[in-house]
Amino acid sequence: MTTLAALWNRAFAVLGRVSMYRLVYLALAALAIVALLLSFFDLVGPDPLQLIATLVVLSAVCVGADAAAQRVLNLPWRLESSLITAHILLFVLRPTYEVVGLLGIAIAAAVASLSKYVLAWRGRHIFNPAAVGATVLTLLSLAWPDLGASAWWVGTPALAAPVILLGLAVLVRTEKVRVIAVFLVVAVAVAVIRTSVQYQEAGLEIDALDLLWPVLWSSPFLFLGAFMLSEPLTLPPRRWQQFVVAGVVGVLAGWPIAIGDITLGQERALLVGNLVAFAFALRTAVRLTLVARSEPTPTVQELTFRVHDRLTFLPGQYLELEVPHRHPDARGTRREFSIASAPAELPFVKVAFKEGKTPKALSSYKKALALVEPGDELAITGVWGDFLLPKRDAAPILMVAAGIGVTPFVSQLGQARAKGLDRDVVLVYVASDSSELAYRDEIEASGARVVVFTRDRPADLPAHWTWAQGVRLDAEGLVQVVPDIAARHAYISGPAGLIAELAPALEKARSITTDAFSGY
């Protein structure tokens with residue numbers, strides 16, 4: 001178990017260095033290359049010329065439509081987003097080199113790209129763009145069959161292994177492995193039951209287990225889950241809500257419901273799931289104004305905003321902050337920040353981040369954020385996270401924070417203090433040196449017992465703070481400073497490498513909850 005946890009967190013640390021958009025595009029591009037190679041040996045439905053012609057049309061239309069729409073709306077253009085939509089449609093639609101069929105391909109691509117701006121709410125598209133494009137083409141094909149329709153030819157045994165491997169990389173990066181696992185279990189189980197019923201209605205008998213593997217390897221469920229359902233922009237904020245959406249899409253994809261001449265299968269099932277997700281996340285986008293900047297440490301910036309719309313969040317959650325700017329790099333215009341303030345402090349909300357070591361190392365987003373001045377307006381485009389303390393106030397807690405990873409704990413401790421709760425909390429606070437211990441006053445006011453890991457001895461530590469002098473920060477050292485770890489619920493916020501290092505000790509705790517996203 002320890003080895004698996006370490007490997008998992010090392011994988012996250014490696015993938016976290018690549019932006020989500022770039023990783024998804026590279027995975028889809030690799031899958032397209034694999035499919036092209038397989039097409040030469042007739043192991044997939046389309047032939048090489050059909051694949052090449054279709055991808056060229058999809059890419060040209062998606063890139064052109066996105067560029068035009070973003071120019072009209074004065075939005076930053078994101079090439080990788082356009083290419084992701086094109087590559088997903090490649091595997092969902094029926095590839096062709098016929099002129100009328102390519103016209104249908106172009107229509108689906110244009111509709112998919114434009115849906116990002118037309119079917120949107122407060123800067124977030126409501127539906128998966130590729131699913132919208134494929135659905136519109138399917139509806140048009142009812143009147144004009146030669147236009148083509150969705151085919152989901154990706155659901156073939158020859159592509160199962162590549163889809164699993166490349167899709168798993170995407171799911172690890174987006175931390176959606178468990179959500180998509182729920183979808184797969186539901187979809188496959190429902191599909192097996194449906195097929196068994198059909199056999200019985202036909203007077204045939206078949207063992208359900210004999211259907212399991214063919215349904216999994218020969219269905220598009222793997223691709224739908226890994227590259228479409230997992231899209232963060234169309235998922236709701238809480239993990240349990242994401243499980244609900246995964247279950248809904250799984251049922252509808254596994255047992256398509258006929259509505260006239262079409263069915264609620266695959267992309268239509270996803271659109272229904274997108275609606276459910278939108279209902280969960282309807283109130284998350286809000287306007288705010290920067291009130292003040294401060295420097296909790298020499299390398300940390302804190303931003304305080306005043307919220308103008310209704311904002312609801314729980315201590316430990318994080319927000320997505322959009323900073324529009326010209327010529328954004330591949331990482332785009334949105335970033336995630338743990339919320340450093342408590343809900344009790346609303347209508348003010350605080351976030352903090354570590355500054356880059358050199359100006360050249362800064363992303364375009366950080367450079368733009370550095371130019372935001374008090375009085376400027378920005379927008380929160382989402383609030384997410386399940387990094388939440390147990391509801392039972394008496395539950396003993398262990399918090400492990402590395403550097404600016406302390407911010408969700410500051411929110412949790414501040415809220416507990418505001419509500420007059422007396423929680424049994426031990427905070428292990430890791431920093432490069434004592435000058436990088438942020439939020440000392442807020443943490444001290446909470447009354448939590450704190451163990452500090454720094455290279456130098458911090459000056460003037462409060463009475464309930466101790467410096468772990470001479471103790472190595474590893475699994476053995478953690479048990480040494482927190483001997484009752486087995487009685488505590490462990491929460492760790494920091495880089496994946498630290499989580500992997502402490503995994504053996506953390507597994508002794510009553511539960512483990514991690515908060516390891518790559519930041520920006």
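In this predicted model, strand 11, helix 14 (residues 407–418) and strand 12 form a right-handed β-α-β unit. From strand 12 the chain crosses through helix 15 (residues 440–446) to strand 13, and this β-α-β crossover is right-handed as well.

**The parallel sheet**

These strands belong to an open sheet of 6 strands with parallel pairing, in the order 14-13-12-11-15-16. Strand 14 (465–467) and strand 16 (511–515) are the edge strands; each has a single partner strand, so one side of each lacks a neighbour in the sheet. From one strand to the next, the twist averages 15°.

Strand 12 (residues 425–430) is joined to strand 11 (residues 397–402) by 6 bridges, and the two run parallel. Across this pairing, alanine 402 stands opposite valine 430 of strand 12. Strand 12 is also joined to strand 13 (residues 449–453), by 5 bridges, again in parallel. There, phenylalanine 453 is the bridge partner of valine 430, and leucine 427 stands opposite valine 450.

How many residues of strand 12 are buried? The count is 6 of 6, so the strand is mostly covered. In a regular strand, side chains alternate between the two faces of the sheet. In strand 12 both faces are covered: Val425, Leu427 and Tyr429 are buried on one side, and Val426, Val428 and Val430 on the other. Helix 14 lies across strand 11, strand 12, strand 15 (489–493) and strand 16, and runs at about 145° to strand 11.

**The antiparallel sheet**

Another open sheet of 6 strands has antiparallel pairing and the order 8-7-10-5-6-9. Its edges are strand 8 (334–338) and strand 9 (348–354), each with a single partner strand, so one side of each is left without a neighbour in the sheet. Neighbouring strands of this sheet are turned by 40° against each other on average, direction ignored.

Within this sheet, 4 bridges join strand 5 (residues 286–297) to strand 10 (residues 377–384), and the two strands run antiparallel. Leucine 288 stands opposite leucine 378 of strand 10.

**Helix packing and a buried helix**

Helix 3 (residues 48–72) packs against helix 4 (residues 79–92) at an angle of about 145°, with the axes 8 Å apart. Their crossing is right-handed. Helix 3 contributes Leu51, Thr54, Leu55, Leu58, Ser59, Cys62, Val63 and Asp66 to the contact, and helix 4 contributes Leu79, Ser82, Leu83, Thr85, Ala86, His87, Leu89 and Leu90. By class, the contact has 10 nonpolar, 5 polar and 1 charged residues.

Helix 10 is mostly covered, with 9 of its 9 residues buried. Those residues are Phe221, Leu222, Phe223, Leu224, Gly225, Ala226, Phe227, Met228 and Leu229.

The loop between helix 10 (221–229) and helix 11 (239–254) contains proline 236. Is proline 236 buried or exposed? Its relative accessible area is 0%, under the 20% cut-off, so proline 236 counts as buried. Leaving aside neighbours within four places in sequence, proline 236 is in contact with Gln241, Gln242, Val245, Ala277, Phe280, Ala281 and Trp384. One of these, alanine 277, is 41 residues from proline 236 in sequence, yet the C-alpha to C-alpha distance is 4.8 Å.

**Backbone exceptions in loops**

Most residues other than glycine have a negative phi, and most peptide bonds are trans. Two aspartates and one peptide bond depart from these patterns, as described below.

The aspartates are set out in the table.

| Residue | Phi | Loop | Relative accessibility |
|---|---|---|---|
| Aspartate 42 | positive, about 60° | between helix 2 (20–39) and helix 3 | 68%, exposed |
| Aspartate 460 | positive, about 55° | between strand 13 and strand 14 | 72%, exposed |

Aspartate 42 is not a glycine, and neither is aspartate 460. Exposed means over 50% relative accessible area, so aspartate 42, at 68%, qualifies, and so does aspartate 460, at 72%.

The peptide bond from leucine 346 to proline 347 is cis, with omega near 15°. Proline 347 lies in the loop between strand 8 and strand 9, and these two strands are the edges of the antiparallel sheet.

Methods: Residues numbered from 1 in each chain as written. Predicted model: local features only at pLDDT ≥ 70, side-chain atom pairs only at ≥ 80, totals over all residues. Heavy atoms only, no water. Pairing = 2+ DSSP bridges. Axes fitted to C-alpha atoms, helices over the stretch in contact; angles between N-to-C directions. Left-handed = near helix turned anticlockwise from the far one by under 90°. Contact = heavy atoms within 4.5 Å. Nonpolar A, V, L, I, M, F, W, Y, C, P; charged D, E, K, R; others polar. Buried < 20%, exposed > 50% of the residue type's maximum accessible area, 1.4 Å probe, protein only. Right-handed = clockwise from strand over helix to strand, strands pointing away.
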